[in-house]
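Reader: I am new to this structure. Please take me through one part of it slowly, and tell me enough about the rest to place that part.

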Amino acid sequence: MSTWFSQTFPNVVYQGWGGDTGWGTAIFQTLFMTFWAAVFGGLLGLIFGIGLVVTGPRGITPNKTIFWILDKIVSIFRAVPFIILLAFIAPFTKALVGTQIGINAALVPLSLGVFPFYARQIQVALSEVDGGIVEAAQAVGASFSQIVFGVYIKEGRSEIIRVSTVTLISLIGLTAVAGAIGAGGLGNMAVAYGYNRFANDTTLVATVLVLIMVLIVQVTGDWLAKRYNHK
């Protein structure tokens, strides 16, 4: 079996597992970027998404000015292609983390690239919460935080899980582009050590590993969404 694998995937074997260009390193880099960008970008997206809902025309605290500002920020960042965003915010990235290249530097554009998409997803998810429940909470004197966390988040948690799953899958795809600034990962492995060197077996294996990650996220997300769907 090992002989067959070595003969069929010689470039995969050549890359090895450890070292700066090994498969273990590439997998770790992809998981590292996905996790931390999901944390930072997800938190920012959640804040903006909730802000858009509560300050909107049908929100619990309507405010045209704040809604307009939040809406325009999300729209502008969402309209900028990720590869352009990488270059545009390079000075900000360097000021924030001390460098423009590498895995840590990639977290800044990844977070800013995913947050507007997630904010819109959260906005849609929370907008689908039954308005009658929100009005009932207001009628009994529930506080702002109680309505946000006890009504919007609780009632919309199944849909929030679904949109979070979609966002994570999109983020895994963005990590491949992050290889353009030396962030590494499986995307960089597929392009730099596969496509650019005509090593089709390396490109194939890297692609399969990314697909496995996406499948795991999708299956887990669907299971959690179904479990917490109380409708």
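Author: What follows starts with the whole chain and then turns to one helix and its aromatic rings.

The model is predicted. The chain holds 12 helices and zero strands. Read from the N terminus, the elements are α-α-α-α-α-α-α-α-α-α-α-α. The C-alpha trace spans about 70 × 40 × 25 Å along its principal axes. There are 231 residues in the chain, and 40% of them are buried. Take the contacts with a separation of 6 or more: residues 24 or more positions apart account for 71% of these. The exposed surface comes to about 12,800 Å², and carbon and sulfur atoms supply 67% of it.

Charge comes next. The chain carries 13 positive and 9 negative side chains. The centres of these two sets lie 3 Å apart.

Now the close look, at helix α3. This helix covers residues 23-54. A UniProt annotation, from an unreviewed entry, overlaps this stretch: "transmembrane region" is given for residues 26-54. The same annotation also covers 66-89, 101-119, 163-184 and 204-225. In the model, residues 26-54 are 100% helix and 0% strand. The end C-alpha atoms of that span are 41 Å apart. For residues 66-89, the figures are 88% helix and 0% strand, with 24 Å between the end C-alpha atoms.

Look at the rings. The chain has five aromatic pairs. One of them joins Phe28 and Phe32: the ring centres are 5.8 Å apart and the planes stand at 40°. That angle falls between 30 and 60 degrees, so the pair is tilted. Phe28 and Phe32 both sit in helix α3. They are four residues apart, which is about one turn of the helix. Is Phe28 buried or exposed? Phe28 has a relative accessible area of 51%. The cut-off for exposed is over 50%, so Phe28 counts as exposed.

A second pair is Phe35 with Trp36. Their ring centres lie 5.0 Å apart and their planes meet at 80°. Over 60 degrees counts as edge-to-face, so this pair takes that label. Phe35 has 49% relative accessibility and is partly exposed. Trp36, at 34%, is partly exposed too. Which residues make up the aromatic cluster here? Phe35, Trp36 and Phe40 form it.

Helix α3 also serves as cover for another helix. The buried residues of helix α11, residues 185-192, are Gly185, Leu186, Gly187, Met189 and Ala190. Their cover includes α3, along with α2 (10-15), α10 (157-177) and α12 (200-227).

Two acidic residues finish the tour. Asp71 lies in helix α4, residues 64-79. With 16% relative accessibility, Asp71 is buried, because the limit for buried is under 20%. Leaving out residues up to four places away in sequence, Asp71 touches Leu52 and Arg120. Asp222 belongs to helix α12. Its relative accessible area is 38%, and Asp222 is partly exposed. Asp222 and Val191 are 31 residues apart along the chain, and their C-alpha atoms are separated by 31 Å.

Notes: Residues numbered from 1 in each chain as written. Heavy atoms only, no water. Helix = DSSP H or I, 4+ residues; strand = E, 2+ residues; numbered from the N terminus. Buried < 20%, exposed > 50% of the residue type's maximum accessible area, 1.4 Å probe, protein only. Contact = heavy atoms within 4.5 Å. Areas by Shrake-Rupley, 256 points an atom, 1.4 Å probe, with all protein chains shown as cover. Lys, Arg positive; Asp, Glu negative; His and termini not counted. Charge placed at Lys NZ, Arg CZ, Asp CG, Glu CD. Phe/Tyr/Trp six-rings, centres within 6.5 Å; stacked < 30°, edge-to-face > 60°. UniProt positions renumbered as here; feature names shortened; annotations may be inferred.
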